[in-house]
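Me: I have a new model open and want a quick tour of it. Can we go through the fold, the sheet pairing, the cores and the empty spaces?
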Amino acid sequence: MLNSFTRFSALAVIVMGVSAAQAAALSANSETISSKALSIEKAYSQDMKTESNTMSYSSTLKMREELRMGAGISVGGQLGSVGINAEFNFEDENSVMAGFGTGPGYNSISLAWKHAFEGDYIAPYFTAGYSRWYNSRGHSDAWKDSDILDRVLTSDEKATGRFGTNFVNGSFGIQYNQLSGTFYGFSAYAEIVAMYEITRSQLIPSGTVGTLYYF
């Protein structure tokens, strides 16, 4: 009987020892996995931060070659009071721009070709394109708040408030481009615009300021 008890006690000690060893090993593995996960997360965060801080382009054309799409807003010029623009850089120097705008008593659309010149943070460009200002509903005299429409609309169009007027546009501008850092791809521009109304054969000077974000 004593011999059996001794064997049982020895077996119990062995089992408890094995269980303790397994628990210790499991705890060590858990700590190792957690440590590795934290290390990977820290390394990834550091890599993302480094990439963000070191993203840099040597010139405007290099940025345009990498960042093909742009979107932004404008005030004045081809689209009127305020507009939304999109730009597609199919080459580093050349792009196509399209926009929608609005103003007192009218909406507008535009399509243009843009040629950008080489530059550092500041670079010149010019555009050539077409825009249409229109009001198909009529019954509004809000056009009176637009000096451009006041000059190009006929008496009948002013009376009804319904019109569609077409412009061929040319512009020359200066554009600031953020080439590095957290806000790389952001740009702001100002341009002078010549708007030629096709039907009435009137040349009207204007100007635009706006922003674009390239991505």
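Reply: One term before we start. Two strands pair if DSSP finds at least two bridges between them. Also, this is a predicted model.

Me: Fine. So how many bridges join strand 4 to strand 5, and do they run parallel or antiparallel?
Reply: There are 10 bridges, and the two strands run antiparallel. Strand 5 covers residues 122-135.

Me: Which residue of strand 5 stands opposite Ala116?
Reply: Tyr125 does.

Me: How many residues are in the hairpin between strand 4 and strand 5?
Reply: 5 residues make that connection.

Me: What about the other pair, strand 3 and strand 4?
Reply: Antiparallel, with 10 bridges. Strand 3 spans residues 94-103 and strand 4 spans residues 106-116. Ala98 stands opposite Leu111 in strand 4. The hairpin there has 2 residues between the strands. Gly105, in that hairpin, takes a positive phi near 80°.

Me: Which residue other than glycine has a positive phi?
Reply: Ser201 is one, with phi near 55°. Most residues other than glycine have a negative phi.

Me: Where is Ser201 found?
Reply: In the loop between strand 7 and strand 8.

Me: Is Ser201 buried or partly exposed?
Reply: Ser201 is partly exposed, because its relative accessible area is 46% and the partly exposed range runs from 20% to 50%.

Me: Step back. How many helices and strands does the chain have?
Reply: 4 helices and 8 strands. Along the sequence the pattern is α-α-β-β-β-β-β-α-α-β-β-β.

Me: What share of the chain counts as buried?
Reply: 35% of its 215 residues.

Me: And what share of the contacts joins residues at least 24 apart?
Reply: 56%, taken among contacts between residues at least 6 apart in sequence.

Me: On to packing. Which residues make up the largest nonpolar core?
Reply: It has 12 residues. The aromatic names are Tyr106, Trp133, Trp143, Phe163 and Phe167. The others are Ile148, Leu149, Val152, Leu153, Val193, Met195 and Ile204. Helix 3, strand 6 (163-177) and strand 7 (186-197) each supply at least two residues of this core.

Me: Which element gives the most to this core?
Reply: Helix 3, with 3 residues.

Me: Pick Val193. What is Val193 in contact with, leaving aside neighbours within four places in sequence?
Reply: Its contacts include Gly77 and Gln78. Asn169, Gly170 and Ser171 are also among them. So is a run from Ile204 through Pro205, Ser206 and Gly207 to Thr208.

Me: What does the second, separate core include?
Reply: Tyr57, Leu61, Met63 and Leu67 are among its 11 residues.

Me: Now the empty space. What volume does the largest pocket have?
Reply: About 150 Å³. Of its 15 lining residues, Tyr106, Trp133, Ser146, Asp147 and Ile148 are the closest to its centre. Tyr106, Trp133 and Ile148 also belong to the largest nonpolar core.

Me: Which elements supply at least two residues of that pocket's lining?
Reply: Helix 3 (147-152) and strand 8 (202-214).

Me: How does the lining of the largest pocket split by class?
Reply: 6 nonpolar, 6 polar and 3 charged residues.

Me: And cavities of 30 Å³ or more, how many does the structure hold?
Reply: 2. About 200 Å³ of space lies in the largest. It is lined by 16 residues, with Gln78, Asn85, Met97, Tyr189 and Glu191 nearest its centre. The lining divides into 6 nonpolar, 8 polar and 2 charged.

Me: Where does the largest share of that cavity's lining come from?
Reply: Strand 4, with 3 residues. Strand 4, strand 5, strand 7 and strand 8 each supply at least two.

Me: What about the second largest cavity?
Reply: Its volume is about 40 Å³. Thr60, Arg64, Lys114, Ala116, Ala123, Pro124, Tyr125, Gln175 and Asn177 line it. Ala116 and Tyr125 are the opposite pair we met between strand 4 and strand 5.

Me: Which element gives the most to the lining of the second largest cavity?
Reply: Strand 5, with 3 residues. Helix 2 (60-66), strand 4 and strand 6 are also among those supplying at least two. By class, the lining has 4 nonpolar, 3 polar and 2 charged residues.

Note on methods
Residues numbered from 1 in each chain as written. Predicted model: local features only at pLDDT ≥ 70, side-chain atom pairs only at ≥ 80, totals over all residues. Heavy atoms only, no water. 1 Å grid on protein atoms, 1.4 Å probe; cavity = no way out; pocket = protein on both sides within 12 Å on 5 of 7 lines; lining within 4 Å. Points joined across faces, edges and corners; volume = space filled by probe spheres on them. Nonpolar A, V, L, I, M, F, W, Y, C, P; charged D, E, K, R; others polar. Core = buried A, V, L, I, M, F, W, Y, C linked by side-chain atoms within 4.5 Å. Buried < 20%, exposed > 50% of the residue type's maximum accessible area, 1.4 Å probe, protein only. Contact = heavy atoms within 4.5 Å.
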